[in-house]
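Me: Please take a close look at a single part of this structure. I would then like to see how it relates to the rest of the chain.

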Amino acid sequence: MKKVISLVLSLVMLCTLFTSTTVFAGESLDDCGVYLATGISTSTQSLDISPKYDAPQYARKSMSEFYYEQGVYDDFPWAKYRNEIKTIYVGEGVNTIAPTAFADMPILEEVWLPSTLNHIGGGAFAGSLHLNIKYGGSKTDWGWLLFTSDSDVEELLTANITYAQKANIKDVDVDGVKASYVYTGKAIKPNPTVLLKDPTGFADMYYTNKVDYTYKYAKNKNVGTATVTFTGINDFNGTKKVTFKILPKGTAVKKLNKPYKKQIKVTWNQQTVQTTGYQIQLATNSKFTSGKKTYTVKSNTTTAKTITKLASGKKYYVRIRTYKAVNGKNYCSAWSGAKSVTTR
């Protein structure tokens, strides 16, 4: 990464590199400071902010720790140059940009930000338009960075960003794919939305098909488990798989008879397509939480079953669903509506 000054220069070199340079510090100007070193070159219209590399214990310190008490942007040491700065370099090791740090810079065009950054203060780039950002992390890292910031992020969301690292598509969230669908006889193709969800609810980051990823379906026609595989492209790599179930069409109870004492005869509509058989459920309350029993009918052409050994004069509720066995696993339709009858 080319910079006006190298981010690995010592603080002493930072102090002497430019003839027109402002260097600031926390407690002493003689040793170029405690937290950060800054170089402002009026000849190249650039601002360079680097951690103090000869004091690694301070490398994780942030601009905000030093400047939160400084107030608005007029108090930053580089503020008097804000009409001249076109490029800003923020070195690796900096993790926070203070609020309004780079606000009201009318000719600012390019900003280099480190992968170590995890917070951008409110209005840090307020007033900047059409920013070109060179970011040391990945597109996913950038999304999390925005989400954890209290910044007015409009300038950042519209910036042209180049990422130094590839993001892994497996880290994204996928919406728009339900857990299950009903068999239709045609390939089922949900329309997924790929995004990085903001845990604070502020702003989710959405990604674009054929720009950030591609996707394809497998086994998405017949009853069973279908797969959507997302493959990262451009700023993403890796794959992510999302599965959903395809369930058989359901059926319904046609009628309930009580041919003999302590018996119920259940009759239902036949459903043979992508169906192995039926499951009948009986209970003594309408919520199917009391006295519940389930009976399996293994033929999809059968349409009636007599249930015996029930209590006499008892009200029973009955419902039914279809199922299909695929590779030793049963895929079941939704339960039908319930009908009730009182035994003899």
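Reply: **One sheet and its surroundings**

Strands 10, 12 and 13 form an open sheet in the order 10-12-13, with antiparallel pairing; helices (H or I, at least four residues) and strands (E, at least two) are DSSP runs, numbered from the N terminus, and two strands pair if DSSP finds at least two bridges between them. The edges of this sheet are strand 10 and strand 13, each of which pairs on one side only. The model is a predicted one, in which local features need pLDDT of at least 70 and side-chain atom pairs count only at pLDDT 80 or more, whereas totals for chains, interfaces and linings use all residues. Residues are numbered from 1 along each chain as its sequence is written, and side-chain values use heavy atoms, with hydrogens and water left out.

Within the sheet, three bridges pair strand 10 with strand 12 in the antiparallel sense. Aspartate 175 of strand 10 (residues 173–175) stands opposite threonine 193 in strand 12. The side chain of aspartate 175 also meets that of lysine 197 in a salt bridge, at 3.1 Å from N to O; the term denotes a side-chain nitrogen of Lys or Arg within 4 Å of a carboxyl oxygen of Asp or Glu. Lysine 197 lies in the loop between strand 12 (193–196) and strand 13, and this pair links distant parts of the chain, 22 residues apart. Both partners are partly exposed, lysine 197 with a relative accessible area of 36% and aspartate 175 with 30%; buried means under 20% relative accessible area, exposed over 50%, and partly exposed in between (1.4 Å probe, protein chains only).

The structure holds three salt bridges. Another of them joins lysine 139 to aspartate 212, with the closest N and O atoms 2.6 Å apart. Lysine 139 belongs to helix 3 (residues 139–147) and aspartate 212 to the loop between strand 13 (205–206) and strand 14 (213–218), so the pair ties together parts that are 73 residues apart in sequence. Here both partners are buried: lysine 139 has a relative accessible area of 14%, and aspartate 212 has 2% relative accessibility. Helix 3 is largely enclosed by the rest of the structure, because seven of its nine residues are buried. Those buried residues are Lys139, Thr140, Trp142, Gly143, Leu145, Leu146 and Phe147.

Arginine 82 and aspartate 104 also form a salt bridge, the closest N and O atoms being 3.5 Å apart. Arginine 82 is in the loop between helix 2 (63–67) and strand 3 (87–90), and aspartate 104 is in the loop between strand 4 (96–97) and strand 5 (110–113), so parts 22 residues apart in sequence are tied together. Arginine 82 counts as buried at 19% relative accessibility, whereas aspartate 104 is partly exposed, with a relative accessible area of 35%. Strand 3 and strand 5 run parallel and are joined by three bridges, with threonine 87 opposite glutamate 110 in strand 5. Thr87 and Tyr89 point one way from strand 3, Ile88 and Val90 the other way, and all are buried.

Elsewhere in the chain, strand 20 is largely enclosed by the rest of the structure, because seven of its seven residues are buried. From strand 20, Gly277, Gln279, Gln281 and Ala283 point one way and Tyr278, Ile280 and Leu282 the other. Strand 20 runs antiparallel to strand 23 (residues 315–326), to which seven bridges join it; the partner of glycine 277 in strand 23 is tyrosine 323. Strand 20 also pairs with strand 21 (residues 293–297) in the antiparallel sense over five bridges, and glutamine 281 has threonine 294 of strand 21 as its bridge partner.

As for the chain as a whole, four helices and 25 strands are assigned, and 47% of its 344 residues count as buried. Among contacts (heavy atoms within 4.5 Å) between residues at least 6 apart in sequence, 56% join residues at least 24 apart.
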